[in-house]
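Work through the exercises below with the model open. Try each task before reading its solution.

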Amino acid sequence: MNNNPYKVLGVSESASQEEIRAAYLSLVKKYHPDKYRDSDLKEIANDKLMEVNEAYETLTKKGNGKGSSASSSGSYQSYGGYSGAGSAYSGPNAAEFARARSYISLNNLTAAKQILDRIDTRNAEWYYLYGIIYLRQGWYDKANEYITNAYQQEPNNAEYSSAYHTVRNTGNPYTRGGRTYTANANDCDGCSLCSSLICADCCCECLSGGNCDIIPCC
Amino acid sequence: MFGYIGPEKGELKVRELGEYQAYYCGLCRTIGRRYGQASRLTLSYDCAFIAMLVDAFLPCRGCEKRRCAYKPLKRAQMMAKPSEGLAFAADMNVLLSWYKLRDNWSDEKRVFSAAGALALHAAKKRAARENPRLCAAIESGVAALSAIERKKTASVDAPADAFGVMMRDCVRCAPIDEKEAKAVESLSYNIGKWIYLMDAWDDREQDAKSGSYNPFLACGAEKERAAFLLNRTLNEAIKAFDLMNLASHKGVLENIIYEGCVNRTQTLLNRGGKHEQQPV
C-alpha cells in the first residue's frame with residue numbers, strides 16, 4: 001500500500017491535476033464495487049479501490065488546494081451488495097426463505113440450496129433465490145432462466161426486476177472503456193431524456209410554425 | 001487445444017507483435033527441447049497465452065535470436081528466453097493434446113487420433129513425471145467432462161463449468177505469486193468456460209450431422225442465449241484480468257483479452273458455422 005501514488009494512478013510525476021483526475025476516474029470505473037457485486041473478487045477490487053482513493057487524495061492535497069475535487073472525490077466505497085435480510089417477502093415458507101437468504105449472503109451456497117430444495121412452493125421468490133445461487137456459482141444459463149422466471153411472475157417486485165435487468169446487461173459484449181458494464185437498467189437516462197426533449201421541441205416548433213418553442217436555444 | 005485465445009494483430013504495436021511471436025516461437029522451441037521434435041506439432045495459441053500470463057508477474061526475461069529447426073531456410077528469429085511460464089505451458093500443451101487425442105480415439109474412433117496419441121505417448125509420460133500435479137488435474141478434469149458428455153446432459157452450464165474447473169486447476173499448478181492467485185484462478189476458470197462454449201457453438205452444425213454431443217444442441221439453445229453466455233463469461237474473465245498486477249507483457253495481454261477474445265466472440269456469433277462460407 002506504500003506505493004508511489006503516481007504509479008498507483010499510472011500517471012507521470014509531471015501530470016497536471018486534470019490528468020490525475022482523469023486517470024483516477026477511469027480507475028474508479030475499473031474497480032467499481034457495482035461491477036464486482038456478485039463476484040468473489042469483491043475484496044480484491046475493494047482493496048484496489050482504496051489504494052486508488054488514497055493515492056488520489058495524497059496527490060490532490062499536495063496540489064496546494066488548487067483542485068476543489070479532493071474533498072468530494074474519495075468517497076467511492078463498497079457496499080454490501082446482496083442484502084441478506086432486507087427482503088419484503090411475506091408469502092408461504094417465509095421463515096425458510098429468510099434462512100436461505102442469510103446463507104446466500106454468507107456465501108454458503110450449498111446450505112442455501114438444501115433449504116430451497118426442501119421447499120415445495122415454486123414461486124417467484126424461490127426462482128429468484130435459486131437464480132442468485134446459480135449466478136454466484138457461475139452457471140449463467142440457469143441463472144438467467146430462473147431470474148427471468150421470477151421477474152415474469154412478479155414484474156412489479158423491485159428486487160427481481162433489478163436483478164433481471166442487471167443480469168441482462170452483463171451479457172452484453174464488452175467494449176473497451178467499460179461502457180457496456182455500466183449500461184443503464186432502463187432506457188430513461190439523462191442523455192436520452194435530454195435528446196427526447198430536444199426532439200420533441202423540434203417537432204413542436206415545426207408543427208406550430210415556431211410559436212411553441214419550449215427550449216429557446218434549439 | 002482450440003486456438004481461440006489470440007491477439008488482434010492489427011491493433012498491436014510492432015514491438016508487442018514481436019513479443020507475442022517471440023513467445024509463440026519460444027514455446028515451440030521449449031516443447032521441442034523438453035519433449036522431442038514431433039511434439040512441437042501440438043503447439044497451440046492458447047498455451048502461448050498461458051505462458052505469457054504465467055511470466056507476466058515478473059519482469060520480462062528478454063529474447064534471443066535463434067534459428068528455427070522447422071524452417072531452416074528462414075533467418076534467425078527472436079525467441080523468448082527459457083522461463084517458468086514457457087516450461088509450464090509446454091507441459092500443459094503436451095498433456096492436453098495427449099488427452100484430447102485419446103478422447104477422440106475412444107469416443108469417435110478416429111484413427112489419426114490414435115496414431116497421434118501413440119506418437120505422443122513417451123512425451124506424455126515424461127510430462128507426467130515432470131509435473132505430476134498438472135497431469136492429475138488434467139486427468140480428473142477430462143474424466144469429469146467426459147462423464148457429463150457421455151450422459152448427454154441437457155445443460156450448457158455443467159460441461160462448461162467442468163472445463164473451466166479443469167483450466168483453473170491446471171493454472172493452480174503454475175508458478176504464480178500467491179497474491180495474484182485468486183484473480184488468475186478466476187480468469188482461467190472463466191477463460192476455460194469461454195473456450196468450451198466457443199468450441200461448442202462453433203461445432204454445433206458438425207455435431208448435428210455426426211450426432212455427437214453438443215450442449216447447445218442438447219438444450220436447444222438459440223443464438224441469443226449463446227451470445228448471452230459467451231459475453232457474460234468473457235466479461236467475468238475481463239473483471240478478473242482487471243485486478244491483476246502485471247509486471248510485463250501488459251500491452252499484449254490487454255490486447256488479447258480486451259480485443260482478441262471479444263472480437264472473436266462477435267465474429268463467431270455473427271457467422272453461421274465453421275463450414276458456412278462468408279459471402280465475398
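Angles under 35 degrees count as roughly parallel, over 145 as roughly antiparallel, 65 to 115 as roughly perpendicular and the rest as oblique. The model is predicted: local features need pLDDT of at least 70, side-chain atom pairs count only at pLDDT 80 or more, and totals for chains, interfaces and linings use all residues. Residues are numbered from 1 along each chain as its sequence is written, while chains are lettered from A and ligands numbered from 1 in the order in which they are written.

**Exercise 1. Classify the packing of α6(A) against α7(A).**

Step 1. Locate the helices, which are DSSP runs (H or I, at least four residues; strands are E, at least two) numbered from the N terminus. In chain A, α6 covers residues 109-118 and α7 covers residues 124-137.

Step 2. Take the geometry. Axes are lines fitted to C-alpha atoms, for helices over the stretch in contact, and angles run from 0 to 180 degrees between N-to-C directions. The angle between α6(A) and α7(A) is about 155°, and their axes are 11 Å apart.

Step 3. Classify. α6(A) and α7(A) are therefore roughly antiparallel. Their crossing is left-handed (the near helix is turned anticlockwise from the far one by less than a right angle; clockwise would be right-handed).

Step 4. List the contacts (C-beta atoms, placed from the backbone, within 7 Å). From α6(A) come A:Leu109, A:Ala112, A:Lys113 and A:Leu116; they meet residues of α7(A) including A:Trp126, A:Leu129 and A:Ile133. By class, this contact has seven nonpolar, one polar and two charged residues. Here Ala, Val, Leu, Ile, Met, Phe, Trp, Tyr, Cys and Pro count as nonpolar, Asp, Glu, Lys and Arg as charged, and the others, Gly among them, as polar.

**Exercise 2. Check the span of α3(B), then describe its packing on α4(B).**

Step 1. The expected span is 1.5 Å times one less than the number of residues. α3(B), residues 84-108, has 25 residues, so 36 Å is expected; its end C-alpha atoms are 36 Å apart, which agrees.

Step 2. Look past the helix end. B:Lys109 follows α3(B) and has a positive phi, near 55°.

Step 3. Pack α3(B) on α4(B), residues 111-130: the angle is about 140° and the axes are 8 Å apart. That makes α3(B) oblique to α4(B). The crossing is left-handed.

Step 4. Among the contact residues are B:Trp98, B:Leu101 and B:Trp105 of α3(B), and B:Gly116, B:Ala117 and B:Leu120 of α4(B). The contact divides into ten nonpolar, four polar and four charged residues.

**Exercise 3. Find where A:Asn93 and B:Lys152 lie, and decide whether each is buried or exposed.**

Step 1. Most residues other than glycine have a negative phi. A:Asn93 has a positive phi near 60°. For B:Lys152, phi is positive at about 55°.

Step 2. A:Asn93 sits in the loop between α4 and α5 of chain A. B:Lys152 is in the loop between α5 and α6 of chain B.

Step 3. Apply the cut-offs: buried means 20 or more other C-beta atoms within 10 Å of the residue's own, exposed 12 or fewer, partly exposed in between, with C-beta atoms placed from the backbone. A:Asn93 has 19, so it is partly exposed. B:Lys152 has 12, so it is exposed.

**Exercise 4. Describe the side of chain A that touches chain B.**

Step 1. Count: 20 residues of chain A contact 23 residues of chain B.

Step 2. α3 and α8 of chain A each supply at least two residues of that side. α8(A) gives the most, with four.

Step 3. By class, the side has eight nonpolar, six polar and six charged residues.

Definitions and conventions:
Two residues are in contact if their C-beta atoms, placed from the backbone, lie within 7 Å.
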